[in-house]
Amino acid sequence: MKLLDSLRFRIATLFHRSQMNAELEEELRSHIQHRADDLERSGLSRAEAERRARIEFGGHARYKEESREAAGGTLLESFFKDVRYALRLLRKSPGFTVVAVVTLALAIGANAVVFSALNACLLRPLNVPQPESLYGLQYGEGVKGAQSYPNYLDFRDRNNSFDDLAAYHMTRVGLDTGENPTRVWIYEVTGNYFDVLKIQPYLGRFFNPSDEHGAHSAPYIVLSHGYWHSHFQDDPGAVGRTVEINKRPFTIIGVAPPQFKGTFVLLSPDFFVPIVSLEDADTLNTRSGRWIFETIGHLKTGVTPAQAAPDLNSIGEYLQKTYPKANGKMNISLSRAGLYGETFERPLRGFVAALMLLAGLILLAACANLGSLFAARAAERSREVAVRLALGSSRFRILRQLFTEALLISLAGGAVGIWGGAMLLRRLSAWNPFPQLPTNVPVNPDANVYAVAVLLAFVSGILFGAVPVRQVLHTDPYELIKSGSLAKLGRRITFREVLLAVQIAICAVLVTFSLVAVRGLLRSLHSDFGFEPENVILADTDLDMAGYPDDAVPAMQKRMLEAMQTIPDVTSVGLTNCAPLSSCGRLSRSSVYSDTTSDLRPSTVAASPLQFQISPEFFAVAEMPVLAGRVFTSHDDKSSPRVAVINQAFAREVFGSPENALGRYFKIWNGTRIQVVGMVRDGKYTSLTEDSQSAMFLPILQAPASASYLMVRSESNPQRLAAAIRSRLRDLDAGLPVFLQTWPEALDRVLFGPRLATLTLGVLGALGAILSITGIFGMAAYSVSKRLRELGIRVALGAQRKEVLEAALGRAVKLLAFGSAAGLLLGILASRVLASIVYQATPRDPLVLAGVVLAMALLGLVATWIPAQRALSIDPAILLREE
Amino acid sequence: MTDQAQLLPGTLDLLILRAVSLGPLHGYGILLRIGQISGNALLIEQGALYPGLFRLVRQGLLKASWGTSENNRRAKFYELTAAGRKRLREETANWNRLVSAIGSALGAQPEEV
């Protein structure tokens with residue numbers, strides 16, 4: 001209370017400063033007048049009396065100042081004076097100011113970005129009421145959170161710990177609103193889902209348990225606000241409309257509120273449907289096969305997760321005992337809803353923590369650098385400080401002034417950093433690297449992020465502001481003014497130098513990494529995939545989604561192929577269950593056995609090749625070189641003997657060598673014999689960094705797949721081609737959902753990891769480089785300014801430019817060379833790690849080595865340029881006269 | 001003037017409180033009153049009074065208001081607040097204890113030790 005009062009008083013006095021000054025002035029004048037009155041009475045003339053009174057009064061200005069200080073309010077006042085002074089000083093050295101602000105902005109911006117990722121993924125709970133009591137069930141072993149529908153019902157009805165339990169499952173369906181049929185991500189949810197989450201509809205109504213009447217009942221859709229906005233243009237009339245999901249009619253009954261984006265942070269659905277509406281009775285009644293993604297609910301008031309676990313485990317035991325065939329042992333625990341427990345939360349936590357650590361190190365390094373910059377500045381100003389001390393200024397006042405300067409820099413840096421970070425985050429939030437997968441990581445900065453950034457700026461200001469404190473406290477004005485030089489020259493290695501060397505080493509590692517990554521990325525873009533993705537468009541279709549029974553699929557696929565061939569300028573058309581390097585998610589491995597094996601067990605497996613189910617034209621469209629034998633024809637169908645085309649790796653693994661593979665047989669899981677009729681070159685199938693993997697290609701007529709890519713090769717404009725493909729397919733079946741992309745676009749997703757790694761490493765490398773520059777600059781500038789007199793004497797005694805530079809910057813350059821060498825070595829040793837992410841990452845590449853050396857040399861040159869200029873421009877005459 | 005004693009640090013505030021306790025005074029009046037009650041035995045530079053006054057006002061021991069002086073001039077008058085009166089009592093007691101302690105210490109005779 002007292003503190004508050006005094007603060008209010010101070011602020012009040014600050015605002016009434018001019019009034020107070022006037023009053024003080026009047027009071028002192030009144031005093032002098034009264035004294036003069038008395039003196040006049042004793043016989044002096046008025047003028048003489050006033051003169052005497054003024055003299056007797058003493059130091060008018062001093063007492064005025066002291067009175068003002070005694071009345072309070074001067075702290076703020078002198079603070080503003082400090083700020084003005086600091087601003088003037090900073091304006092006088094714009095280079096220093098810019099370097100300091102930029103350094104700090106980068107460090108704080110990096111921290112803000114990383115922290116908001118942490119905030120979004122781990123701290124900010126799901127946007128639902130009472131998120132703190134919302135838990136998900138983890139059943140232990142294998143598919144941790146997943147459960148079958150009957151088991152879920154038992155958990156829901158038999159537990160005593162939860163208010164209620166809901167379950168949801170993410171899936172992809174074909175949606176037909178009468179225009180372009182599309183494929184969308186949805187949540188299948190239990191009827192009580194919205195009740196359990198305690199959410200109110202934005203429009204219309206939500207479905208609830210009373211809507212459910214067994215399989216295929218309750219054909220209702222609740223749209224997410226985002227999908228309603230983007231696909232129904234916020235039209236309230238959307239509610240009540242009937243649309244088709246997988247060819248069956250559903251009614252839109254409501255829209256979810258805008259802030260609700262599902263209960264799994266990594267995937268927000270386009271809409272929600274009841275689980276019973278989409279699944280058939282068979283699926284709903286099967287107890288084995290845990291397929292429903294997660295079970296969630298609010299714990300009853302007062303029940304802790306630890307208390308709930310035994311209750312749930314007893315249900316688990318009951319289920320195991322009652323249905324031993326369907327259920328194994330369950331070891332149930334609870335985890336916070338939203339991140340699917342250990343599966344995602346733990347690695348995410350680790351990743352973000354590592355990032356946070358890295359960002360923290362960067363901030364620390366930035367503080368260390370700014371600290372040495374400030375120390376250098378304080379050393380340059382040591383004479384000014386000495387003069388102020390000699391004139392009676394308190395050390396406290398001088399320190400306060402230095403801190404004001406540091407805080408100004410840190411706040412400016414913080415502001416710029418936050419601004420830059422916010423811009424970046426806004427882009428990141430809007431950015432969706434996987435067009436087919438609506439990830440929703442809302443990394444928008446919120447109040448937390450801003451608060452943390454401001455706090456960091458403040459703390460770092462204090463940190464680096466504190467570096468020159470000792471220097472100022474130990475300044476001896478008499479010695480300094482007498483001798484003009486600061487201290488003896490240190491020959492021993494200081495802590496600051498070690499820090500700087502370590503930092504340069506880290507920077508060199510980062511620069512090495514980023515160069516390696518960039519080079520690897522460039523190489524991977526031009527590497528040999530074993531096929532030619534350019535000029536091919538992939539049309540992803542799923543006939544199952546469009547309601548085709550299995551036996552109708554081949555005929556429809558044939559019609560689709562024929563329809564594509566009617567498009568002008570189309571060179572070739574093919575069909576495959578999955579195009580290589582398209583991350584389609586449908587590529588599977590199957591076990592194969594050698595022909596002589598009769599006992600088909602896991603231990604006798606000869607190879608586990610990737611399995612492609614293709615139409616005969618596939619190899620021509622993909623331009624996959626056939627090395628030997630033949631490709632398929634339309635006669636390789638159900639009625640003819642099973643055949644396969646294999647790649648070289650398959651031949652090596654199963655038949656020992658590629659030479660004698662042709663014509664031989666192998667067996668698949670059910671014992672069917674398949675004859676090898678052709679062989680293609682190895683290629684990349686799932687990632688760019690993979691070693692050659694075995695693969696087999698089976699005729700789609702013998703190994704059917706309802707979900708497939710139509711591959712269309714054409715030299716013509718991709719947009720026009722895409723439009724033509726779309727219209728042809730619509731002519732065939734207007735209700736068929738299609739996803740079109742060019743093959744290179746699909747490749748982009750495979751490249752996403754390496755690209756992100758390259759980008760991150762690049763950014764880190766740049767940050768490290770900038771920090772090294774400021775670090776070396778700070779040290780070099782400091783050593784030059786400390787030794788100006790010595791250098792002047794050397795110049796006067798006839799030292800050459802080279803010798804002056806050596807004396808002034810030798811140490812900084814040595815540090816740089818040592819740090820860089822260590823960093824380069826470390827980078828080479830550590831790049832094995834990189835090789836797993838970036839294609840052909842090797843730093844033993846002369847270009848990379850040369851690049852690193854060049855980069856570090858450039859950094860050194862940039863950083864020492866200004867101090868070197870300063871050392872060279874020393875005029876001994878002026879310097880010696882001055883000091 | 002030469003036989004005036006230097007003020008001990010911290011005693012000016014006490015003197016101001018005492019002077020004002022006899023009735024509201026303006027700054028110059030306080031100086032005169034201190035001279036009067038101390039028998040002009042203390043050396044106080046006139047201006048030094050004001051930082052003390054402002055300090056006491058800020059501590060809530062004095063309150064100030066503008067008025068007209070006996071010379072018919074505008075002046076700021078100071079008077080004790082309740083807190084000031086209390087403080088004066090305490091400080092006076094303290095001072096007396098100190099004086100008697102130091103007095104008896106300095107006046108101690110060899111045989112008393």
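Colleague: Let's start with strand 3 (residues 182–189) of chain A: how many bridges join it to strand 8, and in which sense do the two run?
Modeller: Bear in mind that this is a predicted model. One place to look is Val189(A), which stands opposite Pro274(A) in strand 8 of chain A. As for strand 3 and strand 8 of chain A, the count and the sense are four bridges, parallel.

Colleague: Strand 8 of chain A also pairs with strand 5 (residues 220–223) of chain A, so to speak on another front; how many bridges are there, and in which sense?
Modeller: Look at Leu223(A), whose bridge partner in strand 8 of chain A is Phe271(A). For strand 5 and strand 8 of chain A, the tally and the sense are two bridges, antiparallel.

Colleague: Which residues of strand 8 (residues 271–274) of chain A are buried on each side?
Modeller: Take the two faces of strand 8 of chain A in turn, since each one is covered. Phe271(A), the partner of Leu223(A), lies on one side with Val273(A). Pro274(A), which Val189(A) stands opposite, belongs to the other side. The buried residues are Phe271(A) and Val273(A) on one side, and on the other Phe272(A) and Pro274(A).

Colleague: How many of the eight residues of strand 21 (residues 707–714) of chain A are buried?
Modeller: Strand 21 of chain A is largely enclosed by the rest of the structure. That description follows from the count of its buried residues, which is seven of the eight.

Colleague: Which residue of strand 21 of chain A is the bridge partner of Ala539(A)?
Modeller: Strand 11 (residues 536–542) of chain A pairs with strand 21 of chain A in the antiparallel sense over seven bridges. Strand 12 (residues 570–576) of chain A is antiparallel to strand 21 of chain A too, over six bridges. From there, Leu575(A) stands opposite Leu710(A). Ala539(A) also has as its partner Leu710(A).

Colleague: Where in chain A does pLDDT stay under 50?
Modeller: For chain A the mean pLDDT is 82, and 88% of the residues reach 70 or more. Where pLDDT is low, the predicted coordinates should not be read in detail. In the stretch you're after, the model has five contacts beyond four places in sequence, and it covers residues 485–491.

Colleague: Which helix of chain A gives the largest share of the side that touches chain B?
Modeller: The contact involves 19 residues of chain A and 18 residues of chain B. Helix 2 (17–41), helix 3 (46–57) and helix 4 (60–70) of chain A each supply at least two residues of that side. By class, the residues on the chain A side are five nonpolar, nine polar and five charged. The largest share, eight residues, comes from helix 2 of chain A.

Colleague: What pattern does chain B follow along the sequence?
Modeller: Chain B has 113 residues, of which 29% count as buried. There are four helices and five strands in chain B. Read along the sequence, they give β-α-β-α-β-α-β-β-α.

Colleague: How is helix 2 (residues 27–37) of chain B oriented to helix 3 (residues 49–58) of chain B: roughly parallel or roughly perpendicular?
Modeller: These two helices of chain B pack with their axes 11 Å apart, at an angle of about 105°. Angles of 65 to 115 degrees fall in one class, so helix 2 of chain B is, relative to helix 3 of chain B, roughly perpendicular.

Colleague: Which residues of helix 3 of chain B does helix 2 of chain B meet?
Modeller: The residues of this contact divide into five nonpolar, one polar and no charged. From helix 2 of chain B come Gly27(B), Ile30(B) and Leu31(B). In helix 3 of chain B they meet Leu49(B), Tyr50(B) and Leu53(B).

Definitions and conventions:
Residues numbered from 1 in each chain as written. Chains lettered and ligands numbered in written order. Predicted model: local features only at pLDDT ≥ 70, side-chain atom pairs only at ≥ 80, totals over all residues. Buried ≥ 20, exposed ≤ 12 C-beta atoms within 10 Å, placed from the backbone. Pairing = 2+ DSSP bridges. Axes fitted to C-alpha atoms, helices over the stretch in contact; angles between N-to-C directions. Parallel < 35°, antiparallel > 145°, perpendicular 65-115°, else oblique. Contact = placed C-beta atoms within 7 Å. Nonpolar A, V, L, I, M, F, W, Y, C, P; charged D, E, K, R; others polar. pLDDT = per-residue confidence, 0-100.
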